[in-house]
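Subject: Structure handover

Hello,

Here is the structure you are taking over. Please open it alongside this note. My findings follow below.

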Amino acid sequence: MISADRFHSALDLSLPDRVPLFYQHLGAAKWVLQSTGLRMHDGFHDPEIFSRISMAAYDLYGFDNVMAGWGDIMVEAQAHGMTWRFPERDFYPRVDEYVPMSDIDKIHAVDPMDDRFWSVPIEAAEIMTKRYRGEVPVIGCINAPMLIASEIIGLEHLLMGCLTEPSAVDHVLSAVTESSEAYGERISDIGLEDVFIENGTAGNELMDLDTYERFDRKYLRIGADSFHQKGLRTIIHNCSAEPFWKSQSEIGPTAIHLNLRFVRMEEITSDLKSNVAFIAGIDHTDLLLNGTREDIDKSVRETMAAWDGDPGLIIGPGCEFPYKTPRENILALKECTIEHGTYL
Ligand SMILES: [Zn+2]
C-alpha cells in the first residue's frame with residue numbers, strides 16, 4: 001500500500017495495511033538541514049528551498065506524509081501585521097513587534113497568496129504535490145484563529161481582551177478566520193486533501209472551558225466547517241497539558257492529535273473510536289528525546305493494545321520532534337510502529 005492510501009484510509013476509518021506514521025512540521029530539523037546543506041531561513045523565503053527541505057525530511061525519516069508548513073506558528077500572524085525577525089539561520093523566526101491594542105481595528109483579512117511569506121508554503125505544497133503525484137499525502141498546515149490572534153497582538157493582550165474587550169477580540173478572530181477560509185480555498189485548488197490545524201491554545205492551563213468555547217472554538221468551528229465544505233479532511237492538533245479534546249471533537253474533525261503524556265488512552269478510545277480518527281502522539285518532550293528504544297517500543301505497544309486493532313489509528317510524535325531528537329529514536333518509533341502495527 002502506498003503512503004497516501006495508508007494515511008487516508010486511517011483518516012477515513014477504514015483499515016490500511018498497517019498503522020500509518022505521521023510526521024509533523026519540520027521535526028528533528030537538525031538532521032534534515034544537515035543532510036541537505038540548506039538553511040531554514042532560506043526556506044522561509046523561497047518555495048523551492050522550502051519544498052526541498054520538507055521533502056528531505058520524508059527521504060530521511062520515511063513517515064507516511066510530508067507537511068506544507070513548519071512549526072514557527074507565526075507565518076499567518078505576520079501576514080496580519082505582526083513583524084518577525086530571523087536571529088538564527090537555522091531556527092524559527094521570533095516576534096519583533098506585536099500589533100498594539102490601539103491598532104486592533106486595522107487588522108483585516110488577507111489572501112495568503114498576497115503575502116510574501118505565507119504564500120511560500122502554499123507554493124511549496126504545489127511543487128511537492130507534483131513531485132509525489134499522489135504517492136505521499138502533502139498535508140496543509142494552519143494555526144487555529146485563536147493561536148494566530150495570540151501571535152498578532154500577544155497572548156496576554158488576547159486573554160485580557162476576552163474579559164475586557166470581547167468585541168475587539170471578535171473583530172480580530174473574524175478577520176483571521178476569513179483569511180483561514182481563503183487558505184483552504186488555495187490549498188484545495190492545488191489538490192491538497194488534508195489540513196493540519198494547530199489548536200494548542202485549547203487547554204485548561206491557558207483558559208477555562210467557557211472562554212475556550214466562546215472564542216477559540218467558535219472560530220475554529222467556522223474554519224473547520226469551511227475546510228470540510230471544500231472537501232478537506234481536518235486534523236486538529238492539541239499538545240496542551242490539559243487539553244479540551246472532548247470539546248474539540250464536538251466540532252466534527254476528521255482526526256484529533258494529542259500528546260499521550262497528558263491523556264488517558266482508555267478515555268480516548270471509548271470516546272473517539274469509530275467516530276474520529278486518532279493520531280496518538282508518543283511523548284516527544286522526554287520519551288522520544290531522552291528515552292531508549294525499549295521505552296518507545298513499550299509506549300507504541302500499549303497504545304496499539306488500547307486501540308485494539310480497530311481502524312482510525314495513526315502514530316506520531318506528540319508535537320513536532322524537538323530540533324535535536326536522536327535519529328535512532330525516530331527510527332525506533334518507525335520500526336516499532338511497523339512491527340506492532342501491521343494488520344493481518
Ligand atoms: Zn503542538
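**Two loop residues**

Leucine 13 counts as partly exposed, because it has 17 C-beta neighbours inside 10 Å. Before I go on, please note that the model is predicted. Leucine 13 sits in the loop between α1 (3-11) and α2 (29-36). Its phi is near 60 degrees, which is positive, and the residue is not a glycine. Most residues other than glycine have a negative phi.

Serine 274 also has a positive phi, of about 70 degrees, and is not a glycine. Look for serine 274 in the loop between α12 (265-272) and β8 (277-282). Is serine 274 buried or exposed? Serine 274 counts as exposed, because 10 C-beta neighbours lie inside 10 Å.

**The sheet**

Next, the strands. Seven of them form an open sheet with parallel pairing. Their order is β1-β4-β5-β6-β7-β8-β9. β1 (66-68) and β9 (313-317) stand at the edges. Each has a single partner strand, so one side of each lacks a neighbour in the sheet. On average, neighbouring strands are turned by 25 degrees against each other, direction ignored.

**Strand β6 and its partners**

β6 covers residues 233-238, and six of its six residues are buried. In a regular strand the side chains alternate between the two faces of the sheet. In β6, Arg233, Ile235 and His237 point one way. Thr234, Ile236 and Asn238 point the other way.

Which strands does β6 pair with? One is β5 (residues 194-198), in the parallel sense, over five bridges. Another is β7 (residues 255-259), also in the parallel sense, over four bridges.

Isoleucine 236 is a good residue to click on. In β5, isoleucine 197 stands opposite isoleucine 236. In β7, isoleucine 256 is the bridge partner of isoleucine 236. Histidine 237 of β6 has glutamate 198 opposite it.

Helix α10 (residues 209-229) belongs to this picture too. Together, β5, α10 and β6 make a right-handed β-α-β unit.

**The core**

The largest nonpolar core has 103 residues. Which residues have the most contacts inside it? They are Val32, Ala149, Ile152, Val172 and Phe278. Helix α9 (residues 166-189) gives the largest share of this core, seven residues.

Take alanine 149 from that list. Leaving aside residues up to four places away in sequence, alanine 149 touches Leu158, Val172, Leu173 and Val176.

**Two packed helices**

Two packed helices are described by the angle between their axes and the distance between the axes. Helix α8 (residues 155-164) packs with α9 at an angle of about 125 degrees. Their axes are 6 Å apart. Angles over 115 degrees and up to 145 fall outside the parallel, antiparallel and perpendicular classes, so α8 and α9 are oblique to each other. At the contact, Leu158, Gly161 and Cys162 in α8 meet Pro166, Ala168 and Val169 in α9.

**Alanine 124**

One last stop. Alanine 124 is in helix α6 (residues 119-132). Why does alanine 124 count as buried? It has 25 C-beta neighbours inside 10 Å, and 20 or more is enough to count as buried.

Alanine 124 and phenylalanine 50 are 74 residues apart in sequence. In space they are 6.1 Å apart, C-alpha to C-alpha. Phe50 is among the residues that alanine 124 touches, not counting those up to four places away in sequence. The others are Pro47, Ser51, Ser54 and Ala68.

Best wishes

Definitions and conventions:
Residues numbered from 1 in each chain as written. Predicted model: local features only at pLDDT ≥ 70, side-chain atom pairs only at ≥ 80, totals over all residues. Buried ≥ 20, exposed ≤ 12 C-beta atoms within 10 Å, placed from the backbone. Pairing = 2+ DSSP bridges. Right-handed = clockwise from strand over helix to strand, strands pointing away. Axes fitted to C-alpha atoms, helices over the stretch in contact; angles between N-to-C directions. Core = buried A, V, L, I, M, F, W, Y, C linked by C-beta atoms within 7 Å. Contact = placed C-beta atoms within 7 Å. Parallel < 35°, antiparallel > 145°, perpendicular 65-115°, else oblique.
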